[in-house]
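Subject: Structure handover

Hello,

Here is the structure I promised to pass on. Please open it before reading further; my notes follow it.

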Amino acid sequence: MTGSKIGQWVVIGEGARRKVLSDAPDLMIVEFAFDKGAVGAMHNHPHIQDTYVASGRFAFTMDDETFEIGPGDSMVIPTMVMHGCTALESGSLIDSFTPRRDDFL
């Protein structure tokens, strides 16, 4: 593990926070926790992202498509695709990024 923010919760919005679980130059694992109603704002990035729903339910948007995901669901978000979510229930997402998100460290 590297970086000073490993294992520390960082507030990313009202009712939303993230914690870097582990990282290497080519891969990063991050937990995102959301209170019911919290929003992960629409954004994009050059990293490939895999999202796994550990708990809760989310309305997830990729480009112009919105769909509901819940525990055990996962998906890959290609590089530069606009995406975001709203927590329909409190829950957490486990995201993998390749390469690592240096902006999270």
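A word on terms before the notes: strands here are DSSP runs of E with at least two residues, numbered from the N terminus. By that reckoning, C85 belongs to strand β9. Please keep in mind that the model is predicted.

**The chain as a whole**

The chain has 10 strands and 0 helices. Its pattern along the sequence is therefore plain β from start to end: β-β-β-β-β-β-β-β-β-β. The radius of gyration is 13 Å, which agrees with the value near 13 Å for a compact globule of 105 residues. The C-alpha trace spans about 35 × 25 × 25 Å along its principal axes. Of the 105 residues, 39% are buried.

Contacts reach far along the sequence. Among those with a separation of 6 or more, 62% join residues 24 or more positions apart. The accessible surface is about 5500 Å², and carbon and sulfur atoms hold 54% of that surface. On charge, the chain has 8 positive and 15 negative groups. Their mean positions lie 8 Å apart.

**Strand β6 and its partners**

Start with β6, residues 58-62. Buried or exposed? Of its 5 residues, 4 are buried, so β6 is largely enclosed by the rest of the structure.

Which strands pair with β6? One is β7, residues 65-69, which runs antiparallel to β6 and is joined to it by 5 bridges. Here A59 faces E68 of β7. Another is β9, residues 83-87, also antiparallel to β6 over 5 bridges. In that pairing T61 has G84 as its bridge partner.

As background, side chains in a regular strand alternate between the two faces of the sheet.

**Strand β5 and its partners**

β5 covers residues 48-55 and pairs with β10 in the antiparallel sense, over 7 bridges. I48 stands opposite T98 of β10. β5 is also joined to β8, again antiparallel, by 4 bridges. Y52 and S74 of β8 are opposite each other there.

**Two buried side chains: C85 and F34**

C85 has a relative accessible area of 7%, so it counts as buried. What does C85 touch? Beyond its neighbours within four places in sequence, its contacts are F34, A38, V39, G40, F58, A59, F60 and L93. Take F58: it is 27 residues from C85 in sequence, yet the two C-alpha atoms are 6.3 Å apart.

F34 sits in strand β3, residues 27-34. It is buried as well, because its relative accessibility is 5%. With neighbours within four places left aside, F34 contacts G15, A16, V39, G40, F58, C85, A87, E89, S90, G91 and L93. So where does K5 lie relative to F34? The two are 29 residues apart in sequence and 19 Å apart in space, C-alpha to C-alpha.

F58 appears in the contact list of F34. F58 also appears in the contact list of C85.

**Backbone points to check**

Most residues other than glycine have a negative phi, and most peptide bonds are trans. Three places in this chain deserve a look on that account.

- D63 is not a glycine, yet its phi is positive, about 55°. It lies in the loop between β6 and β7. That hairpin has 2 residues between its strands. D63 is partly exposed, with a relative accessible area of 45%.
- M80 is not a glycine either, and its phi is positive at about 65°. Its place is the loop between β8, residues 74-77, and β9. M80 is partly exposed, with a relative accessible area of 45%.
- The peptide bond from T98 to P99 is cis, with omega near -10°. P99 is in the segment after β10, which covers 91-98.

**Where to begin**

I would open the view on C85 in β9. From there, go to F58 at 6.3 Å, C-alpha to C-alpha. Then follow the β6 and β7 hairpin round to D63. Finish at the cis bond from T98 to P99.

Best wishes

Technical notes: Residues numbered from 1 in each chain as written. Predicted model: local features only at pLDDT ≥ 70, side-chain atom pairs only at ≥ 80, totals over all residues. Heavy atoms only, no water. Buried < 20%, exposed > 50% of the residue type's maximum accessible area, 1.4 Å probe, protein only. Pairing = 2+ DSSP bridges. Rg over C-alpha atoms; globule rule 2.2 N^0.38 Å. Contact = heavy atoms within 4.5 Å. Areas by Shrake-Rupley, 256 points an atom, 1.4 Å probe, with all protein chains shown as cover. Lys, Arg positive; Asp, Glu negative; His and termini not counted. Charge placed at Lys NZ, Arg CZ, Asp CG, Glu CD.
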